[in-house]
Amino acid sequence: MMSEVKEQLEQVLDQIAAAAQRSDRPADAVRLIAASKMQPVDNILKLIECGHRDFGESRVQEALAKTDALEEYPLNWHFIGHVQSNKTREIPGRFNWVHTVDSEKIVRRISDTAAATDKVVNLLLQVNIADDPDKHGLRPQDVFPLLDRLFESALPAIQLCGLMTIARNNVSETETRKAYADLKQLLEQCQQRFGDEFKELSMGMSRDYELAIEEGATMVRVGTGLFGSRP
Ligand SMILES: *Cc1c(COP(=O)(O)O)cnc(C)c1O
């Protein structure tokens, strides 16, 4: 098992490097987030032993146990599940990144807790780029107005870092590519208006991370492609 996960990691990292090169970027322009939801701590440890540091969790409750168990390691924890407003207090101090913010209320709640605990949390806005009725996220046209309000209100404990999307299931590669290209275009418009630091694009999972990178992803969230199917 140890060697299996290690081999999977090496293979994914090779494919990330190759896809980055196809989009004229160095391999380290893309950060691999191991989506470890539902994986036991032992599986996460196997990746840590290979030097991996970025992990994504989808449920606050499940993540609390894991971040406690792995406290001794210098890890980056990414929250990639839907953020419920009654769970925001648990996020700062545990997670350095939240990929799935889609309302002003959630941003302010995370910011308030982060300020009180002396942490800074990096936030990405989740965008429902292809208007998928099954997905959370902002409508593309609501991104600018929200960012306008947030950048105006000087929230010291958060960094607004970029955009995230989850592609539709069961659509053609062409459609997926178009969704990712649309998100990249929206990011570029945001950068023109809000500055170059707004630069992260979290898109792509096991089934499509290579094409997401070709379309400009700076972060990919890979679960089954590293760990095998979830237990
Ligand atoms: C679980 C999850 C992933 C990873 O999915 P795989 O298909 O296992 O790679 C990526 N993004 C989000 C938001 C997830 O919840």
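In helix α2 (residues 41-49) of this predicted model, the buried positions include N43, I44, K46, L47 and I48. A lysine, K46, is thus listed among the buried residues of α2. An α-helix has 3.6 residues a turn, so residues three or four places apart point the same way. The pairs N43 and K46, N43 and L47, and I44 and I48 belong to this buried set. Just after α2, G51 adopts a positive phi of about 95°.

Strand β4 (residues 97-101) is mostly covered, and 5 of its 5 residues are buried. The strand has a partner in β3 (residues 76-79). These two run parallel and are joined by 2 bridges. Within this pairing, F79 stands opposite V98 of β4. Strand β4 is also joined to β5 (residues 121-126), by 3 bridges. This pairing is parallel as well. Here V98 stands opposite L123 in β5. The connection from β4 to β5 passes through helix α4 (residues 104-117). The resulting β-α-β crossover is right-handed. V98 therefore faces a residue in the pairing with β3, namely F79, and another in the pairing with β5, namely L123. In a regular strand the side chains alternate between the two faces of the sheet.

Individual residues of these strands fit the picture of a covered sheet region. T100 lies in strand β4. At 2% relative accessibility, T100 is buried, since the cut-off for that class is under 20%. A polar atom of the T100 side chain lies 2.6 Å from the backbone oxygen of G81. V121 belongs to strand β5. Its relative accessibility is 1%, so V121 also counts as buried. The C-alpha atoms of V121 and C161 are 9.8 Å apart in space, although the two residues are separated by 40 positions in sequence.

The structure holds 20 salt bridges. One of them joins D68 to R94, with the closest N and O atoms 2.8 Å apart. This pair links distant parts of the chain. D68 sits in helix α3 (residues 60-69), and R94 in the loop between β3 and β4. The two are 26 residues apart. D68 is partly exposed, with a relative accessible area of 44%. R94 is likewise partly exposed, at 24%.

A salt bridge also connects the side chains of R149 and E104, at 2.5 Å from N to O. R149 lies in helix α5 (residues 140-152) and E104 in helix α4, so the bridge ties together parts 45 residues apart in sequence. The helix of the β4 to β5 crossover, α4, is thus linked to α5 through this pair. R149 counts as partly exposed at 39% relative accessibility. E104 falls in the partly exposed class too, at 22%.

The salt bridge between E197 and K199 has its closest N and O atoms 4.0 Å apart. E197 is exposed, at 60% relative accessibility. K199 is partly exposed, at 39%. Elsewhere, salt bridges that share partners join R22, E173, R177, E210, E214 and E215 into one network.

The model also contains a bound ligand. The residues around the ligand are A35, K37, S58, I80, I166, M205, S206, R221, V222, G223, T224 and R230. Polar contacts to oxygen atoms of the ligand involve both side chains and backbone. In the side chain of K37, an N or O atom lies 2.6 Å from a ligand oxygen. A polar backbone atom of T224 is 2.8 Å from an oxygen atom of the ligand. For R230, the distance from a side-chain N or O atom to a ligand oxygen is 2.8 Å. Taken alone, the ligand exposes 380 Å². The protein buries 89% of that area.

Terms used. Residues are numbered from 1 along each chain as its sequence is written. This is a predicted model: local features need pLDDT of at least 70, side-chain atom pairs count only at pLDDT 80 or more; totals for chains, interfaces and linings use all residues. Side-chain values use heavy atoms; hydrogens and water are left out. Buried means under 20% relative accessible area, exposed over 50%, partly exposed in between (1.4 Å probe, protein chains only). Helices (H or I, at least four residues) and strands (E, at least two) are DSSP runs, numbered from the N terminus. Two strands pair if DSSP finds at least two bridges between them. A crossover is right-handed if, with the strands pointing away from the viewer, the path from the first strand over the helix to the second runs clockwise. A residue is near a molecule or strand if one of its heavy atoms lies within 4 Å of it. A polar contact is a pair of N or O atoms within 3.5 Å; within protein, one must be able to donate a hydrogen and the other to accept it, and residues adjacent in sequence count only if both atoms are side-chain atoms. Accessible areas come from the Shrake-Rupley method with a 1.4 Å probe; for residues, only the protein chains shown count as cover.
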